Structure formats: structure tokens, C-alpha cells
Amino acid sequence: MGGEVKPAKGLRRHLNSGFVAGFLLVLVTYVIVSQQFAMDTPTAVTSTAPRIDEKESMSKAPVETDDKVRQEWQPKETPKDTSSAVATEELPKIDSTNAKPIENGKVVCSSNGFYSDTCDVDGDVRINGTALSVTLVPASRSSERREWKIQPYPRRTVSGIQEVTVTQLATPGAAAPACTVSHGVPAVVFALGGLTGNYWHDFSDVLVPLFVASRQYGGEVQFLVSNIQPWWLGKYEAIVRRLSRYDAVDLDRDGEVRCFRHVTVGLRMHKEFSVRPELAPGGLTMADFTAFLRDAYALPRAAAAIGVTQSPPQKRPRLVVIRRGHYRKLVNMDEVVRAAEAAGFETAVMAPRFDERVEDVAREVNTFDAMVGVHGAGLTNAAFLPAGAVVIQVVPYGRLERMAKADFGEPVADMGLRYVEYSVAAEESTLLEMLGPEHEVLKDPAAVHRSGWDMVAEYYLGKQDVRINVTRFAPILAQAFHHLRHS
């Protein structure tokens, strides 16, 4: 195959024009982050088993924009003060289905750790969109009026999202809005905005939780969307239309009072870019989500080319290297491609852009059996790989393994893919030539983390490119090839 870098069919290289704005966002958002982490940095970590363990009480704050809103760990926020004239219920700290039923319905609200708050409302449920209210009307007098405030975006720490008020009335006639439209299907109320508009967050924050919330209804569910983004619904139309057969309602501008028998308010996020089956209806898994994507986009390959040989050449497993347009680039792409071909792969390079049609990216990615990429949003496309494929995440220098594992390592394994992690050494980072070997950023990454996340963002995420030592990287490629050839 020679040493030429071959772009994947139909996909162009792209230099992200939002670099300056994105990097400024890095510096601003990381000011709020105070949680440090320290991880060992092995050359390679391999995983295939799904992870469903509880994660520590941490959340994330954005850093990148177009390519991926980079997130780091931060402490769980103190719950919002939602006190008012009507006592507001404090959500339980663990998921609970022990809410007391009332005549003609019940409200079950829960808090999933540091991520999201949700309410499930059954009975005579009335939604007033312009008031952002969901009201349960009892058939007879209840013991008390109860109220919950729910942010319908899955990350409660994200600002700028309007809350939805969920109210359980005490008496049937107490300020209950009259129905103007009655629906024969359940509803899911959620918000866009927040960190959406970023490829990784689109999946991690909305598409995966929306799949978990609505897949059980087989398309017979109504979406009511606060802060609606028509372009976003258009970008992911194939997914949204497969989950709901009905046009989404612009909740903020809806003049109707819509009545349902069951409403879910808010999307429940289990973990980063993945699903915890024990919390999902019917035990849904991340592998179910990727199978759903293959169906939604009519992707032809459900399984990777495992057991193939090197002869004839067209039967070699295909590997794609993700090219980043700015920071954390692979600066010796040609060498990496030659190394992959020497390991036995047919190799191509992709530089997917945010404004590309998801259908086109999905179909191209599905033709590959393995993927290599430096930590970043491009690895989100692993969701379109066939089952059994291999994903090699190149983790930049600076003790970023914990983040890399949470954002992609565990999700990739949950998808039913083989995950291999390659940690960049100081000698492979362009920070070495930029700063010199005696600079604290090179000598003591743990101290850099202790000093604050602004330096982590500036150097390890924002100023670093990677020059892979292909000799050191060769065993990783051999491991990926061996998996595809002999599993």
C-alpha cells in the first residue's frame, strides 16, 4: 500500500475555524473546576467487558467547541434551592420507585447521582408548555399539594436551562389547566441547548439518554422539547424519527394544554456516553444503542471482519485513523499509516467535520474494522463500527487516562468493541520541544493538575500535538490485528 496517506472516500480534511473561540472557552470554563485526579499511565490498556460500576460523584465542564467540548472532573454541585410558597420536594439521592401512589396517578421523581433529575408522572397529566408546567390532577382529594423543579437537560450543572415545574395537586379542581389536546401515547419532556451542538455531547448528553427513555415505546411516544433547536433535530433526524413517529413539539411556544396518561420529565443520564442496563427499561445496553444506530442509518455491517487473513489483500482488515484539525493532532500521520499497513491493515484517514451529514460519516466508518484516534470527539464515531471492531485511543501526555477511560474506554467496551489504550510518553509530545524537559508541565503533571484546571486545559489539551513513536506503537497495532485475525 506504500506510505501515501489515503483520505476515506467522500470525506475532506478540515481545519476547524472555531479554534480561537474554542480555546478561549477552554480557559474560561476550567476556572470552575477544582477536582484533581492522578492516574498511572501504562502504555496500553485493553478492555472488552462492559462496566456498570458506580462512578465517583463527579461532573464535567466544557472545554472544546466544534470538535468536542472537552470535559474534566469537578465536584458534585450542591442541589439548587427551589424553595417557594409551595414546599418543593427534595429528590432522593438514589433512584427510587417507592413514591406513594395517589388516586388516578402518581409521581415518581429521582436523582441519578451527580448527573440528572427526572420525574415519571402517571395519571391525568396536563402539560402547559408556555408555563413549563406538568400537572397531575387527582380523581379525588389527595393529602397534600407537592411540587418538584426539574432541569430537563441531563447534566444538572449546566446553566441556561429553564426548569420544568412538576406539580401534584391536592384536589381535582385546584388550578388545573383544562385540556385542549388529548394524546393517546406517552410523552418525554427534555431540553436541548446546554452542551449540545458538540458532537460528543450530542450523543452522550441527549441521544443515548433519549434512546433509553423512549425505545420501549416502539415509536409511539411524543417528544416535547424545551429550547428546541430545529437544526439539531434535522441533523439527527434519522435517529429522532426512529424513536418517535410524531413531530416534536416546541414546548416553550406551545399554546396548547396537552394531556397524557404518562409523562417522563427530563432525560436520565447513567454515565458518560453509555448505558447502565440495571437502570434502563428492559435492561437496554450500549450495544443495543449501536445496533439501533446501524438500523437507523441502514449500515450494512453488523460484525467486523474477524478471522480474516492477509491474502488476498482486499480481505485485510480495514483501519481508519482519525485526523484532528487542530490541537492534539497526529503530526506524523504518514508514519502511523505506514506502521498500520506494516501490521497488516488496509489503512485510510478520515477528518470528519461537524457539518457533515451524519449518514455519510456513519456509512464510511461502518466499512472499517478498527479505528485509531487521539482523544477527542472524532472517536464518537466508534458507535458506527461493526460489533467486534477495535478502537485504539491515543491518550495525550499529562495524566489524562482517567478522563479518556470514562469518555471513551468504558463506552467502547460497552458497545461490544475491543478497546486498546495507548498513553503518549513525554518524548512523543510536542510540549517537549515547546517547553523543554525541565518545565513543570513535562516533569510533574500531577503538580500541574494540583495548580488548577486552567493549566491542564492550556497545555495538555490545548497546546499539545502528538508524534507517535511508531516502534513503541507497533505492538499496539499488532495486538489489534491479532484480535481481528484470531478471535
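# A tour of the predicted model

By the distance rule for paired cysteine sulfurs, the count comes to 2 disulfides. The model is predicted, and every value below is computed from it. Numbering starts from 1 along the chain.

## Stop 1: the two disulfides

Select Cys-109 and Cys-119. A disulfide joins these residues, with an S to S distance of 1.8 Å. Turn the view until the S-S bond lies across the screen: the angle about the bond is 105°, and the link of Cys-109 and Cys-119 is right-handed. Cys-109 belongs to strand S4 (residues 105-112) and Cys-119 to strand S5 (residues 116-128), so the pair ties together parts that are 10 residues apart in sequence. With the surface switched on, look for both cysteines beneath it: Cys-109 and Cys-119 are buried.

Next select Cys-179 and Cys-259. Their sulfur atoms are 1.7 Å apart and form a disulfide. The link of Cys-179 and Cys-259 is left-handed, with -100° about the S-S bond. This pair links distant parts of the chain, 80 residues apart: Cys-179 is in the loop between strand S8 (164-168) and strand S9 (181-182), while Cys-259 is in strand S13.

Which of these two cysteines is buried? Cys-259 counts as buried because its relative accessibility is 7%, whereas Cys-179 is partly exposed, with a relative accessible area of 35%.

Counting bonded cysteines along the chain, the disulfides follow the pattern 1-2, 3-4.

## Stop 2: His-270

Stay with strand S13 (257-265) and follow the chain into the loop that runs from there to helix H5 (286-296); His-270 lies in this loop. Is His-270 buried or exposed? It counts as buried, at 6% relative accessibility.

Show the side chain of His-270 and the backbone of Arg-276. A polar atom of the His-270 side chain lies 3.0 Å from the backbone nitrogen of Arg-276. Then display the surroundings. Leaving aside neighbours within four places in sequence, the residues in contact with His-270 are Asn-112, Tyr-115, Val-212, Val-275, Arg-276, Leu-279 and Ala-280.

## Stop 3: helix H2

One of the contacts of His-270 is Val-212. Select helix H2 (residues 199-214) and place a distance label between its end C-alpha atoms: they are 21 Å apart. At 1.5 Å a residue, the 16 residues of H2 should span 22 Å, which agrees.

Look along the helix for a change of direction. H2 bends by about 30° at Leu-207, and the proline Pro-209 follows within four residues.

Now go to the N-terminal end of H2, which is capped by Asn-198: a side-chain oxygen of Asn-198 lies 3.2 Å from the backbone nitrogen of Trp-200. Bring back the rest of the chain. H2 is largely enclosed by the rest of the structure, because 16 of its 16 residues are buried.

## Stop 4: Ser-226 and Pro-230

Select Ser-226, in strand S11 (residues 222-226). Ser-226 is buried, with a relative accessible area of 2%. What does its side chain meet? A polar contact of 2.9 Å joins the side chains of Ser-226 and Asp-252. Not counting residues up to four places away in sequence, Ser-226 touches Leu-132, Phe-190, Ala-191, Leu-192, Leu-251 and Asp-252.

Move on to Pro-230, found in helix H3 (residues 230-235). Pro-230 counts as exposed, at 61% relative accessibility. Add Ala-248, which is 18 residues from Pro-230 along the chain; the C-alpha atoms of the two are separated by 9.6 Å.

## Stop 5: strand S16 and its partners

Select strand S16 (residues 370-374). The strand is mostly covered, with 5 of its 5 residues buried. In a regular strand the side chains alternate between the two faces of the sheet. In S16, Ala-370, Val-372 and Val-374 point one way, and Met-371 and Gly-373 point the other way; all are buried.

Add strand S14 (residues 318-322), which runs parallel to S16 and is joined to it by 3 bridges. Then add strand S17 (residues 390-395), which pairs with S16 in the parallel sense over 5 bridges.

Finish on Met-371. Which residues stand across from it? Val-320 stands opposite Met-371, and in S17 the bridge partner of Met-371 is Val-391.

Conventions: Predicted model: local features only at pLDDT ≥ 70, side-chain atom pairs only at ≥ 80, totals over all residues. Heavy atoms only, no water. Helix = DSSP H or I, 4+ residues; strand = E, 2+ residues; numbered from the N terminus. Buried < 20%, exposed > 50% of the residue type's maximum accessible area, 1.4 Å probe, protein only. Polar contact = N/O pair within 3.5 Å; in protein donor to acceptor, adjacent residues only side chain to side chain. Contact = heavy atoms within 4.5 Å. Disulfide = S-S within 2.5 Å. Expected span 1.5 Å × (residues − 1). Bend = angle between axes of the 7 residues up to and from the residue. Pairing = 2+ DSSP bridges.
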